[in-house]
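Work through the exercises below with the sequence and the coordinates at hand. Each task is followed by a stepwise solution.

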Amino acid sequence: MDETKRPLLALVAMIVLISSLISIYLTQQPRFAGINLLPFEGVGDVLAEQTMQRMPQGGKVLLVTQQMKLPALQAPVRRFLEAIEERPDLVVVGTEELEMELDESFAPGIMGINGEKFLGLIAKYPAVDLVISFIGAPSLVDDEWAQLRS
C-alpha cells in the first residue's frame, strides 16, 4: 500500500468508527414520549380554587412539596402559584421541599408526610394559616393529634 494513502485510510476508518458509535448511541437511548401535564396542572388549579374559597379574607400559606424535580411533581405547584397571583392577600410564606424515601411515602396505610415532619413544619411556621401539601396528608398518631390541637 502506498504511504500517502495510509493516513487517508486511517482518517476514513476513524470517521466510520465515530459515526457508527454515534449511531449506536442514538438508537439505543430510550426515548420518552412527552408527558401530558394537564392532569397534574389540574391538581394545582383545584388546590388554588379551594384555597381561595376557604380563605376569603386571605392569609399565610405554607407549601409542602417533594424534592424531586420531575415535571409531573412541579406542574401542580407551578399552577397553584400562578392561580393565586390574582389574590395578593394570600401570601406564600414558604415552600418546604421534603426529601422522602419511597418506602416512607408509599408504605401501606401511609400516604404523604409522616407526623413528625409535619409537626416540625408547624413549629417552624407557627403563624401559618394553611398548609398545602402536594405530597399527601400527614399521617398522625394519637399523640401527634393531641400535640397539634394544643
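**Exercise 1: strand pairing**

K60 stands opposite V91 in β2. The model is predicted, with local features requiring pLDDT of at least 70 and side-chain atom pairs pLDDT 80 or more, while totals for chains, interfaces and linings use all residues. Residues are numbered from 1 along each chain as its sequence is written, and side-chain values use heavy atoms, without hydrogens and water.

Task: find which strands β1 pairs with, and in which order the strands of the sheet stand.

Step 1. Helices (H or I, at least four residues) and strands (E, at least two) are DSSP runs, numbered from the N terminus. Two strands pair if DSSP finds at least two bridges between them.

Step 2. Between β1 (residues 59-66) and β2 (residues 90-98) there are 8 bridges, and the two strands run parallel. Besides the K60 pair, G59 faces L90, and L62 has G94 as its bridge partner.

Step 3. With β3 (residues 130-133), β1 shares 4 bridges, again in parallel. Here L63 is opposite I132.

Step 4. The result is an open sheet of 3 strands in the order β2-β1-β3. Because β2 and β3 are at the edges with a single partner strand each, one side of each has no neighbour in the sheet. From one strand to the next, the twist averages 20 degrees.

**Exercise 2: burial and helix cover**

Task: state how many residues of β1 are buried, and which strands α3 lies across.

Step 1. Buried means under 20% relative accessible area, with a 1.4 Å probe and protein chains only. By this cut-off, 7 of the 8 residues of β1 are buried.

Step 2. Helix α3 (residues 71-83) forms a right-handed β-α-β unit with β1 and β2; right-handed means that, with the strands pointing away from the viewer, the path from the first strand over the helix to the second runs clockwise.

Step 3. α3 lies across β1, β2 and β3, at about 165 degrees to β1. Angles run from 0 to 180 degrees between N-to-C directions, and axes are lines fitted to C-alpha atoms, for helices over the stretch in contact. Contact means heavy atoms within 4.5 Å.

Step 4. Helix α5 (residues 115-124) also lies across β1, β2 and β3, at about 140 degrees to β2.

**Exercise 3: a helix pair**

Task: give the angle and the axis distance for α2 and α3.

Solution. α2 (residues 38-54) packs on α3 at about 35 degrees, and the axes are 7 Å apart. Residues in the contact include F40, V43 and L47 of α2 and A72, A75 and F80 of α3.

Note on methods
Buried < 20%, exposed > 50% of the residue type's maximum accessible area, 1.4 Å probe, protein only.
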